[in-house]
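User: Hi! I'm new to reading protein structures and could use some help. Can we go through one together?

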Amino acid sequence: MSEAEVEQTPEEKALSGLPDDTPVDLESVFRDSQIQDILDKLDRELVGLKPIKTRIREIAALLLVDRVRNSLGLMSGPPSLHMCFTGNPGTGKTTVAMRMAEILHRLGYIRKCNLAAVTRDDLVGQYIGHTAPKTKEVLKRAMGGVLFIDEAYYLYRSENERDYGQESIEILLQVMENQREDLVVILAGYKDRMETFFQGNPGMSSRIAHHLDFPNYTAEELIAIAKLMLEKQQYRFSPEAEKVFYQYLLKRMQMPNFANARSVRNALDRARLRQANRLFAQHKDTLTKKDLVTIEAEDILPSRVFRDGQPDSNQTTDRE
């Protein structure tokens, strides 16, 4: 029996028989769901990303309307919620996934406000009989919430005939189809590699309802991100340091393995290290609170980015 043929309960029949002019207070439902709190949090946490934030609002609106339709007995199949987030490292994919989990939970589409973030190593075994238990254990842990698979294309290695990733993919496909009302899967990674992954796994592609492509940040947005990061740690740039860091970003963005907000965070860690060494070297002088909280230009200029056009040692990778 198809979903459209499922017999309605007496209560559902009564609701579906309501006249078309039955009033619907969508604003009240939206207010009670407290989704706006999550959207506001996303705005505070992430600079820019306007297309992504717009898409998240659209998905939230779709789910909210679906919830109200159900309350009136209007028949509709459960919405497919599996997603794919593509973009370079450090563009906010994990943060958006966490907020998406909160939205889905508040609207009743998942039982737990839980995000289980995993990679290939968590799912794929190294010998025969090892992959299925690993994958099923991850699914058990994620069930009722959201499973976030970073760099999902590494699950599929067609060049290695002894690779066990395909077994994990087949288990995931089955769960994504048969238990989609109790688990939302979000795949993430570079856009071109995810496209190749979907070409080799059309079954996976057909189960993804929402594709969100995260753009790189501009230098101006990265400066704003840097200032937010410093503020959270009770630091700040001096006016000259802010100008120098902007120049640093323009150079660093042109180099290999640039990872947007992750590279900014790494650069700030190096600047704080240099600031601490600078202050310690002058510890016999009288220091003030201002000295302790201010990053100066001299804490940024020694970077290899300025010296020899290379990233600093802890910035040569796009992985955390």
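User: Which element gives the most to the lining of the largest pocket?

Analyst: Keep in mind that this is a predicted model. As for the general idea, rolling a probe the size of a water molecule over the atoms shows where empty space is left. Here, the largest pocket holds about 710 Å³ of space. Its lining has 32 residues, and those closest to the centre are Gly 90, Gly 92, Thr 95, Ala 261 and Arg 265. Elements giving two or more residues include α5 (93-106) and α11 (219-232), but α13 gives the most, with five.

User: What classes of residue make up that lining?

Analyst: It's a mix: 12 nonpolar, nine polar and 11 charged residues.

User: Okay, now the sheet. In what order do the five strands come?

Analyst: Strands of a sheet pair through backbone hydrogen bonds, either parallel or antiparallel. In this open sheet the order is β2-β3-β4-β1-β5, and the pairing is parallel. β2 (115-118) and β5 sit at the edges with a single partner strand each, so one side of each has no neighbour in the sheet. From one strand to the next, the twist averages 20 degrees.

User: How many bridges pair β1 with β5?

Analyst: Five. Within that pair, Gly 87 stands opposite Phe 214.

User: And which side chains of β5 are buried?

Analyst: In a regular strand the side chains alternate between the two faces of the sheet. Along β5 (residues 210-214), His 210, Leu 212 and Phe 214 point to one face and are buried. His 211 and Asp 213 point to the other face and aren't buried.

Methods: Residues are numbered from 1 along each chain as its sequence is written. This is a predicted model: local features need pLDDT of at least 70, side-chain atom pairs count only at pLDDT 80 or more; totals for chains, interfaces and linings use all residues. Side-chain values use heavy atoms; hydrogens and water are left out. Buried means under 20% relative accessible area, exposed over 50%, partly exposed in between (1.4 Å probe, protein chains only). Helices (H or I, at least four residues) and strands (E, at least two) are DSSP runs, numbered from the N terminus. Two strands pair if DSSP finds at least two bridges between them. On a 1 Å grid over the protein atoms alone, a cavity is a set of points where a 1.4 Å probe fits but cannot get out, and a pocket is an open set with protein on both sides within 12 Å along at least five of seven lines; lining residues have an atom within 4 Å of a point. Grid points are joined across faces, edges and corners, and a volume is the space filled by probe spheres set on the points. Ala, Val, Leu, Ile, Met, Phe, Trp, Tyr, Cys and Pro count as nonpolar, Asp, Glu, Lys and Arg as charged, and the others, Gly among them, as polar. Axes are lines fitted to C-alpha atoms, for helices over the stretch in contact, and angles run from 0 to 180 degrees between N-to-C directions.
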